[in-house]
Each structure stands twice: as C-alpha cells, then as structure tokens.
Amino acid sequence: MVNIIWQNPILLILVPLGLAFLTPIIGLISKNFVKYVPVLGMLFNLILSIILLPKVIINPIIISIAGWKPPFCINLFVGPVGIIFSILISLIGFLVAIYGINYIKKGPIERYNILYLLLLTGATGIVLTGDIFNLFVFFEILCISSYALVAYNQDKNGIEAATKYLIQGSIGSAFILLGIGFLYGLYGTLNMADIAQNISTVNSPTLFIAMALFIAGFGIEASIFPLNAWLPDAHSSAPSSISAILSGIAIHIGIYAMFRVLYTIFGINNVFTFLAIVGIITLLIGEMSAFKQTNIKRILAYSSIGQMGLIIFALSIGTISGISAGLFQIVTHTLSKSLLFLCVGYMIYHTNSMELSSLKGLGKRMPLTSFLFTIGTFSLIGLPPFIGFPSKLSIILAGLKAGGILFLILIILMLCATVIEGVYFFKIVQIIYFREPEKQDRIKPSFTFLLPAIILAILIIFIGLYPDLIHNILNKSAGEFLDKLSYIKTVLGG
Amino acid sequence: MNFLYQNIYYIGAFGLIFIGLYMAAAKKNLIKIIIGLGFIDTGINLFLIIIGYVQKGTAPIFSKPGLNPAQMVDPVPQALVLTAIVINVAILGLALGLAIRLYRHYKTLNVRKIRGLKW
Amino acid sequence: MRKIISFILLIVIFVGIYFALAQIPYGKNKMNVSKHYISNGLKENGAANIVTSVVLNYRGFDTLGEITILFIGAVGLGMILFGFETKKKDIKPASLILKTGCKFLFPFILLLGIYIFIHGHLTPGGGFQGGAIIASGFLLNYLGCSKKRISEKGINIIESLGGAIFIVIGLLGLFLGDYFLLNFLPKGAVNTLISGGIIPLLYITIGLKVGAELSGIIYKLME
C-alpha cells in the first residue's frame, strides 16, 4: 500500500499516457512546445523510478487496480527487475527525446511525439504488470507504435520495411493471443501468479503447445534466429532516433516478456537448453551477417540480432548468476547501442549517405562524434575500461559455473563470435580515423546531440569502472525472476 | 461423426486460422496477405469465445431479477474479444495505409517484386 | 515450393494443436474467476450487464490500453498518409436513392449508436459497439451526400479529450479512495439508467471517442 499519491507506481504508466492524449490539444495552443512534451514525461518517469528503487528492493510493491483483491483484478507487480527496466526505458527515452528535438525537422512532428511517448508507455506497462492479458495489451501498444514510427520517413525503404515488420509482428501477436487462449481454457484465470500456482495440475501437451506459441510470438519481437527477418530492414530504414529506441528498448522488452512468461508461469524445464542453443546460433548468424554489410545502419542492426542471441543465452542458463549476467548485458547493450545509433544518425545527417565508404576520415572532421562512436563500439566488443567488459565476463563465468560440456562448447562459440564482432567494428573505426576524408571542413556538433551522447558515454565508462554498483541490485532482481514461490506469495497473499 | 459434431466449433475456428496463416505466408498480392491477417484475427476471436461457452448458458445480463447465475456464459473471454477486435482494427488500418503508400512508390502490389532492401 | 513448405508446416502445427485441444473440452464450465464475477458483480458494481462490469471495472486497465491502441491507429494512419496528394478523379455523384436515403437515415443511425452506448450497462453493447455504429453513419454520410463533413480539428479534439477524461476519472478514484479506477459514485437501483457508479460515465466517454476515431480513420482512408 503506497501512502503518498505522487509516489504511486501507477503514475509511471499514467503520466506519459495522459501527456500523449493531451498532446494534440497542446499542439493547438503552441506548435513549438510539442517537441518538449516527451522530454518532460520521461524526466518524470526517470525521477519516479529512481525514487522507487530502494523501496522496491526491500519488498515488491503490488498495486491493485479498481480496488479488488488479486486474482480478481489486474495488479501491477513492481519488483526490482521491473524498476530496473523502467529506469532504463525512461533514461533512454529522455535522452533520445532530447536528441529528437533538433533531429526530427520535417514531417508531422506532433504525431511523432505522440507515438514516441506511447511506445515508451507500452514498454513501461509491460515490465510492471502482473497479468497476462494486460501484458498482451501493452505489448500491442509497443508494437503498433513501432510499426507506425518505422514508416516516419515515408521513403521507399521505410514503407517497405514497415510493411514487412507489420505483417510478421501481427502474426506474432496472433500466436501470443492463441497462447493466452489456451492458458485461460485450462485454468480459468488470467493472473500470472494464479496460473503459476495451478500449473502443476495439468499434464504436458497443452502446456507445451502454449509455451511454444509464447516463444514464437514473443520471439518475433525479440528476433530469435528464424524469426528475425524483419529486423535489419526495420532498424536501418527508420530515422536514427527511432532506431535507437527500437534497438535499445523494444527488442529487450520482447526478451523480458518471453522470460517473464517462461520463468514465472512455466517454471524451469528443458526448454532452456533449447533456448541456449538457439541463442548462440542467433549470435553467430548475427555477427557473421554483419561482417559483409556495407551499410552502417544494417551493420548495427545485425549486431543487435547477435547481441540478442547472447542475452538469450545468458538468461537461459537458469541460475542466479546467469540471469544477473543477462540483465547486465541488457544494460550494456541498451546504453552502447543507443549511443552508437545517435552518433551514426548525426554522421548520416551530415554526410547524407549510409554507406561505410562515406565515413572516411570523419575522425578529423567530427572529432568528438567519432570519439563517442568509438567508445560505443569498444564497449560492445567488451574491452576493459568500458561496461561491456564486466558484463561479458559475468556471462562467461555464469556459463562455466553451470557446468556441463554443452555450456563449454557454447562459451567457446560465443568467444569466436566476439572475435568476429571485434574484427568488423575495428574495420569501421579504422575507416573513420585512418583514411583521408574527401572534404576538409570541421563540423561543430549541436548541443541537443552532444548532451545525450555524452551522458551515455559517461555512464558507460563509470559503470565499467565500478561494476559492483549494479551487481548487487542485479543479483537481487535475478533472485526475483527465479523464485516462483515468493512471487505467488507476494501477489496472492500466502 | 459424433466427434465432428461435438468439436465443430473448434474445427471452424482453427480452420479459419489455418486459412489465414496460409494466405499470409504463401500469397503474392499484398492485399491478399492483409485479408489473410483478417482471417487469423477472426479465427482467434472465435476460438476465445468458444473457450468461454457453458452448455445451455445464456448471456450474462441480469435483465430480469432472479436469473440463475449458474447458467450464464463466461463473461471474461467476451471482454478479451472486445479488446482483440479493437487491436486488430488498428493493425488493419495501419496495414492498409502502408499498402496505399507502397503502391505509390512501387506501382505494383506483388510482394516478390518489392525487394528494394536486399541482404 | 514456398506453398508446399508452408502447407506442411501448417499441418504439423494443426496436429499439435489437436492434441492440445483434447484437454479443453467444449462447453464445460471451467470458470474460476468468472464465478466470482457473476455472483458478486451485481452487488459490487450495480451494473446489470456483467460483461460491462468486467470490461470497465474489474479489467478496466485493459480498456484503457485498448482506447490507447485505437488512438495509436488513428494517429499512425495520419502520420503515414501525411501530405498524400490524391489525384482528384471526378467522383460520380451518388444515385438519387442513396442521396435521399442518407439524409433521412443519418440522424437515426446516430441515435441508435448513442442509445447503445448510453445503455451499455443494462443491455448488450457499450462504448465500442456504439462508437462503431456512429462511424458507419458518418461513412454513409460521406458516400451519399459528400458536402457536409466534420472538420479534422474537431475530431482530434474529441479524441484527445475522450482519452484524457477517462484518465482523469480514474485518477479521481485514486485521489478519493487510494485505488485507480475505483468505483466511487453511488450505485443506484438495478436496471435503471443511473446505476453502476462510474460505469455509464466511462462508457459515454469511450463511445464518443471511438466514434470520432473511427470516423477519422475512414475519412483519411477515403481521401
């Protein structure tokens, strides 16, 4: 029970939603103010999430909507994992909104900001809910906003990528809804804790089909191996601020939803070994495909696919150290990939081309931007003073601790993939710094671009140097994911 | 035959989903793919309502005082279907808008030919 | 080739689903949560239509998400079709039957829609159904007598206000009673128009909003 109204976690969802609804009216009053609405909304979310973090680590907060007791109502389960994701979402949302103030210049700006806020609202709703149909509704909010935002530029590539994304994404949503239907038909309730309590009373084929449907449905959004055909097109044809949001938030939320359903409702079983293998295959295919691309945004998109495979592998190890390592890698990837996309967006804005060859010599023309880009790449590869190093190290340690010959082989494959990743990222850095540019002028970066990029870079270096700051929080949250019984007890009251 | 008679609704719902998936996966015209998505949605909504059916049940509305609550159909899947229909309307609207734009750019709706973005 | 592969894949999925469905018999009473809703819904809410009390009170958060999705659909469509020049082909004027029919039928269709969503808590129906009927009235108006049209600004304002009022009503529940969407107005006698707490208010809001949005979508697609 939360006594202070302004600290009620439901405001994390309601305030951005309300601001998004009011934006057309704000747009009627003053057209220029519309650009600042997402900034304010996400700033509020960020401050509220940080305030709630110490409370939530002690005890998860349960908020019931409309005053009835769970399982007869929808409840929000605000646990450590939820608040960490909420902090990440609001941080990246805030920074990219600042970037977007000057980056998005033509087109229907007001609608862009509405959809941007709604995408982040959907993402926050997914991580905070405790009811499976509510998860589906917020997941749809996220997906539909991203379908529309990918097509923002209205050029040939954007519309085609958005169409492919839409068709595959809606088939995925159909699968999830089928899975929910099966679960409801078996148990008669939609509350995640209630289903988790009853799950042992029915035997396998229906549950297996339901689980397969959920993995397929959420896997399309999370881009697991056979289901990721939409990602390279969508992430490379969207405007760069949207690519940063998609790569940094949307696909991670897909993975969160999949693992929340798998861990909390279904519990641990053999499907995790299968997922670990699929994760490593995704990693290898992502990195190898990135190797022969010449379009810089497609390289980053394939690298996202690879990193998703890595995160899935880490999260399916099934132990506390594995989940904590997976969460750490999510933090790394979010910060680094957003930084990379912001820098690349700025570079493309000035050179007007997305090919690798046009990045020649930008080290001399835009020194600060190239430096920030280099920080992003090094942290993704996993070099020491940046955040990528402790996160990859903890994945390897978790895999080795889990034991078994299978995990050993997978770890070796993961290291090979890291080497490939290093090769192509170094190639890009070499093109930026060590080739001669075609024009010789210097470009001064603007304030709205520098501020988010520098904040991200500072976070990357700071957490890289002191990883223990987050390690404790992540370990506790990993405990929440694994501990099905305490989840049920917290929600249903023993 | 008795099996068919008992499960006819399930067969209907999954038949619709099956047809829809086939159309979305294997047809060439973009409009047919979008219609296939509509089929999938209808099939899933039908499946959800079937889950909530109780034998000889009526609509869960207390229009006269004294109706027996044990003979009412499950109201929760009906709420789920309301939401699902609205979601699918929004997706179909977006898909049609994108199809209009795509036709403007490429002058054809053949999905095999719309391959501007290759590997 | 592609057709054969997809066909085989679908057969496999279908067979798997058959084995899964064997666990869910048709027509059996498997309600856990719904038993509580049906037996206690009347006392706790005052609305005679249990589906309405489920949609707006017990699972009201999903309804909030749903109107958000409709809002996203309308805004997204506006974004995709922004600045779309239509070649003005000369539209054949509608036939005489359609013109007179539409002028005559349009107010009745609007009335039917408004009736359905105001009585959402007493009879089957509700905000979404009523809103769809209103939108089809506007479609008829567009097809038949294409002179009168509601301005786009008005549609946008109704949409935003509808969503904002829904959230404000919910927040009032939060301030007055510590739960979002708490039913804080008195529940009148069963089966009268003023009953069921905040449910009629919410449905009126939803009905107007959905009607406005669907009309907006139809207009944009027609342009």
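**Exercise 1.** In this predicted model, determine which side chains meet in a salt bridge across the interface of chain C and chain A.

*Solution.* Step 1. The rule requires a side-chain nitrogen of Lys or Arg within 4 Å of a carboxyl oxygen of Asp or Glu. Step 2. The side chains of Arg59(C) and Asp131(A) lie 2.7 Å apart, taken from N to O. Step 3. This pair is therefore a salt bridge, since 2.7 Å falls within the 4 Å limit. Step 4. The rule finds 1 salt bridge across this interface.

**Exercise 2.** State which helix of chain C gives the most residues to the side that touches chain A, and describe that side by residue class.

*Solution.* Step 1. The count of residue pairs in polar contact between chain C and chain A, both at pLDDT 80 or more, is 1. Step 2. Helices H1, H2, H3, H4, H7 and H8 of chain C each supply at least two residues of the side that touches chain A. Step 3. H4(C) gives the most, with 14 residues. Step 4. By class, this side of chain C holds 28 nonpolar, 13 polar and 10 charged residues.

**Exercise 3.** Give the extent of the interface between chain C and chain A, in residues and in buried area.

*Solution.* Step 1. In chain C, 51 residues are in contact with 60 residues of chain A. Step 2. The two chains bury about 4900 Å² between them. Step 3. Carbon and sulfur atoms account for 75% of that area.

**Exercise 4.** Locate the kink in helix H1 of chain A.

*Solution.* Step 1. H1(A) covers residues 11-29. Step 2. A kink of about 45° lies at Thr23(A), shortly before the proline Pro24(A). Step 3. From first C-alpha to last, H1(A) reaches 25 Å, close to the 27 Å expected.

Technical notes: Residues are numbered from 1 along each chain as its sequence is written. Chains are lettered from A and ligands numbered from 1 in the order in which they are written. This is a predicted model: local features need pLDDT of at least 70, side-chain atom pairs count only at pLDDT 80 or more; totals for chains, interfaces and linings use all residues. Side-chain values use heavy atoms; hydrogens and water are left out. Contact means heavy atoms within 4.5 Å. Buried area is the accessible area (1.4 Å probe) that two parts lose on being put together, summed over both. A polar contact is a pair of N or O atoms within 3.5 Å; within protein, one must be able to donate a hydrogen and the other to accept it, and residues adjacent in sequence count only if both atoms are side-chain atoms. Helices (H or I, at least four residues) and strands (E, at least two) are DSSP runs, numbered from the N terminus. Ala, Val, Leu, Ile, Met, Phe, Trp, Tyr, Cys and Pro count as nonpolar, Asp, Glu, Lys and Arg as charged, and the others, Gly among them, as polar. The expected span of a helix is 1.5 Å times one less than its number of residues. The bend at a residue is the angle between axes fitted to the seven residues ending there and the seven starting there.
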